[in-house]
Amino acid sequence: MNKKLEMAQDKFMESIGRLAGSFGLNNFIAQLYAVLYLSDKPLSLDELVERLKASKGNISLNIRELEKWGAVKNIWVKGSRKDYYEAEPDIRKVAMTKVKSGVQKRVEQLTNMIEEFKELISSDDKDMTDEDRKIVKIYHEKLKKIEDMKDLATKALSLAEKFF
């Protein structure tokens, strides 16, 4: 590869990695996707190891994560027994899949937390004083606001899926 093109690719990978890191994503996974995204052909694990200067185990582990996101897929190359990969070219699809899974995971965690909290503050406890019952009422009001936020996040995700 031409040195200037390699420098451009390195700069792109570095920028994508930094951008992903600013969103709390693994910057190496983003760089791995960037290499595959820019490639005009499927790349083998060995080629990815060489390009990213990383271990085969690290590349393989992170490729699996990208496959879960639908960001890369394994490609069969006639005459080769190696694993080859290519990037999903629709970046919006990849981003939306990752955002969707992240939001769904957090909504599920929030739902579980709310249910556990509600169970703990059940006003059926006979040992509660009137003051305790007032506190429980306040907790329920505050939980309602959290549930409203959770519902809004779910609706926003659903709406975003229609546009992307």
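**Exercise 1. Determine how many helices and strands the protein chain has, and state the pattern in which they follow one another.**

Solution. The protein chain contains six helices and three strands. The model under study is a predicted one. To obtain the pattern, one reads along the sequence and writes down each element in turn, which gives α-α-β-α-α-β-β-α-α.

**Exercise 2. Compare the radius of gyration of the protein chain with that of a compact globule of 164 residues.**

Solution. Step 1: for a compact globule of 164 residues, the radius of gyration would be near 15 Å. Step 2: the value for the protein chain is 23 Å. Step 3: the C-alpha trace may then be described along its principal axes, where it spans about 75 × 30 × 25 Å.

**Exercise 3. Describe the burial, the surface and the charges of the protein chain.**

Solution. Step 1: of the 164 residues, 27% are buried. Step 2: the exposed area amounts to about 11700 Å², and 56% of this area is supplied by carbon and sulfur atoms. Step 3: there are 31 positive and 28 negative side chains, with the centres of the two sets 7 Å apart.

**Exercise 4. Classify the aromatic pair formed by Phe117 and Tyr139, and explain which parts of the chain the pair ties together.**

Solution. Step 1: a search of the whole structure yields two aromatic pairs, and one of them is formed by Phe117 and Tyr139. Step 2: a pair of aromatic rings is described by the distance of the centres and the angle of the planes. Step 3: here the distance is 5.4 Å centre to centre, with 45° between the planes. Planes under 30 degrees apart would count as stacked and those over 60 as edge-to-face, so this pair is tilted. Step 4: Phe117 belongs to helix α5 (residues 91-120) and Tyr139 to helix α6 (residues 130-163); the pair therefore ties together parts that are 22 residues apart in sequence. Step 5: Phe117 has 28% relative accessibility and counts as partly exposed. Tyr139, at 36%, also counts as partly exposed.

**Exercise 5. Decide whether Asn62 is buried or exposed, and describe its surroundings.**

Solution. Step 1: Asn62 is located in helix α4 (residues 56-69). Step 2: its relative accessibility is 8%; because buried means under 20%, Asn62 counts as buried. Step 3: neighbours within four places in sequence are set aside, and the contacts of Asn62 are then Asn26, Phe28, Ile29 and Leu32. Step 4: Ala30 lies 32 residues from Asn62 along the chain, and the C-alpha atoms of these two residues are separated by 9.5 Å.

Methods: Residues are numbered from 1 along each chain as its sequence is written. This is a predicted model: local features need pLDDT of at least 70, side-chain atom pairs count only at pLDDT 80 or more; totals for chains, interfaces and linings use all residues. Side-chain values use heavy atoms; hydrogens and water are left out. Helices (H or I, at least four residues) and strands (E, at least two) are DSSP runs, numbered from the N terminus. The radius of gyration is taken over C-alpha atoms; the globule rule is 2.2 Å times the number of residues to the power 0.38. Buried means under 20% relative accessible area, exposed over 50%, partly exposed in between (1.4 Å probe, protein chains only). Accessible areas come from the Shrake-Rupley method with a 1.4 Å probe; for residues, only the protein chains shown count as cover. Lys and Arg count as positive and Asp and Glu as negative; His and the chain ends are not counted. The place of a charge is taken as NZ of Lys, CZ of Arg, CG of Asp or CD of Glu. Rings of Phe, Tyr and Trp (its six-membered ring) pair if their centres lie within 6.5 Å; planes under 30 degrees apart count as stacked, over 60 as edge-to-face and the rest as tilted. Contact means heavy atoms within 4.5 Å.
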